[in-house]
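Visitor: I would like to learn how to read a structure like this one, feature by feature. Could you walk me through it?

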Amino acid sequence: MSSSPPVVRQIVSINVGTARPLLAQGRRVLSAIGKRPVDGPVEVRALGLAGDEQADLSVHGGLSKAVYAYPAEHAAFWQRARAEAGAGLFDEPLPPGRFGENLTLRGLLETELWIGDRLVFPDCVLVVSEPRQPCFKFNAVMGFAHAAKVMAESGFCGCYLSVEQAGTLQAGQAFELVPGARQRSLPEVFLPKARRITRDD
């Protein structure tokens, strides 16, 4: 009997950004949600990646939300959602960093994650801390007003990571998922947030 092939978990892209003006809900606000891929090794510190900023530290950044990771597998979903909302074309690809993520990862979805799980890279260890809660800035960068609601309904929220072991990361690196206590799953924590988003929409 043949066994299933091993899951390959890998960094597709490392993305950083600085705070810049963003037009959202008819007003200009500062945001660092626009991340761009960078080449070569990137230093990982307790408060995040070298060269990366957060504009609003009340909702992003800090020790528990130092790094934001998002599955590359969701790009096709968002490409289709934007096209259906008239915000893009069906064949218009979404580049890494478009969701505001520092790490675009392949081989790891939200349904596989629990708070406290560890992502072990060759020179760095990150710990799953909480799901992302989308806001009006996400609507702005995605180009349609109900993008946050779509994220809430789909559960495609990505996850924030704290830094257990500082070091470096590089695109193309493989990593291992090491289970933590497994008391609260990432979707379980996201669900109450998602209900608020869909109710307030």
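Visitor: Let me begin with one bridge. Which residue stands opposite Val-127 in S11?

Guide: That is Ser-162. Keep in mind that this is a predicted model. The pair belongs to a longer contact: strand S10 (residues 124-131) and S11 run antiparallel and are joined by 6 bridges.

Visitor: What other strand pairs with S11, and over how many bridges?

Guide: Strand S7 (residues 67-71) does, again in the antiparallel sense, over 3 bridges. Within that pairing, Tyr-68 has Tyr-160 of S11 as its bridge partner.

Visitor: What is the order of the strands in the open sheet?

Guide: The sheet has 8 strands, ordered S4-S1-S8-S7-S11-S10-S9-S13, and the pairing is mixed. Strand S4 (36-37) and strand S13 (176-178) each have a single partner strand, so they stand at the edges with one side lacking a neighbour in the sheet.

Visitor: How many bridges join S1 to S4 at that edge?

Guide: Strand S1 (residues 10-16) is joined to S4 by 2 bridges, and the two run antiparallel. There, Asn-15 faces Pro-37 of S4.

Visitor: Now to burial. How should I think about side chains in a strand, and how many residues of S11 are buried?

Guide: As a general idea, side chains in a regular strand alternate between the two faces of the sheet. In S11 (residues 159-165), 5 of the 7 residues are buried, so this strand is largely enclosed by the rest of the structure.

Visitor: Which residues have the most contacts inside the largest nonpolar core?

Guide: In soluble globular proteins, nonpolar side chains tend to be buried together. Here the largest nonpolar core has 51 residues, and Trp-78, Leu-103, Leu-126 and Leu-169 have the most contacts inside it. Take Leu-126: beyond its neighbours within four places in sequence, its contacts include Val-67, Leu-103, Leu-161, Val-163 and Leu-169. Polar and charged residues touch Leu-126 too, among them Asp-117, Arg-118 and Glu-164.

Visitor: Trp-78 must be read with its helix, I suppose. Which residues of H1 are buried?

Guide: In helix H1 (residues 75-84), they are Ala-75, Trp-78, Gln-79, Ala-81, Arg-82 and Ala-83. Their cover includes S7, helix H2 (136-142) and helix H3 (147-154). Helix H3 has buried residues of its own: Ala-147, Ala-148, Val-150, Met-151 and Ala-152.

Visitor: Which residues just after these helices have a positive phi?

Guide: Just after H1, Gly-86 has a positive phi of about 75°. Just after H3, Gly-155 has one of about 80°.

Visitor: How many disulfides does the structure hold?

Guide: There are 0. The sulfur of Cys-135 lies 14 Å from the closest cysteine sulfur, that of Cys-157, which is too far for a bond. Cys-157 is in no disulfide either, with the nearest cysteine sulfur, in Cys-159, 7.8 Å away.

Visitor: Are Cys-135 and Cys-157 buried or exposed?

Guide: Cys-135 is partly exposed, at 28% relative accessibility, whereas Cys-157 is buried, at 1%.

Visitor: Finally, how do I look for empty space, and what volume does the largest cavity have?

Guide: Rolling a probe the size of a water molecule over the atoms shows where empty space is left. This structure holds 2 cavities of 30 Å³ or more, and the largest has a volume of about 240 Å³. It is lined by 21 residues, of which Ala-32, Ile-33, Lys-35, His-60 and Gly-100 are the closest to its centre.

Note on methods. Residues are numbered from 1 along each chain as its sequence is written. This is a predicted model: local features need pLDDT of at least 70, side-chain atom pairs count only at pLDDT 80 or more; totals for chains, interfaces and linings use all residues. Side-chain values use heavy atoms; hydrogens and water are left out. Two strands pair if DSSP finds at least two bridges between them. Helices (H or I, at least four residues) and strands (E, at least two) are DSSP runs, numbered from the N terminus. A disulfide is a pair of cysteine sulfur atoms within 2.5 Å. Buried means under 20% relative accessible area, exposed over 50%, partly exposed in between (1.4 Å probe, protein chains only). A nonpolar core is a set of buried Ala, Val, Leu, Ile, Met, Phe, Trp, Tyr and Cys residues joined through side-chain atoms within 4.5 Å. Contact means heavy atoms within 4.5 Å. On a 1 Å grid over the protein atoms alone, a cavity is a set of points where a 1.4 Å probe fits but cannot get out, and a pocket is an open set with protein on both sides within 12 Å along at least five of seven lines; lining residues have an atom within 4 Å of a point. Grid points are joined across faces, edges and corners, and a volume is the space filled by probe spheres set on the points.
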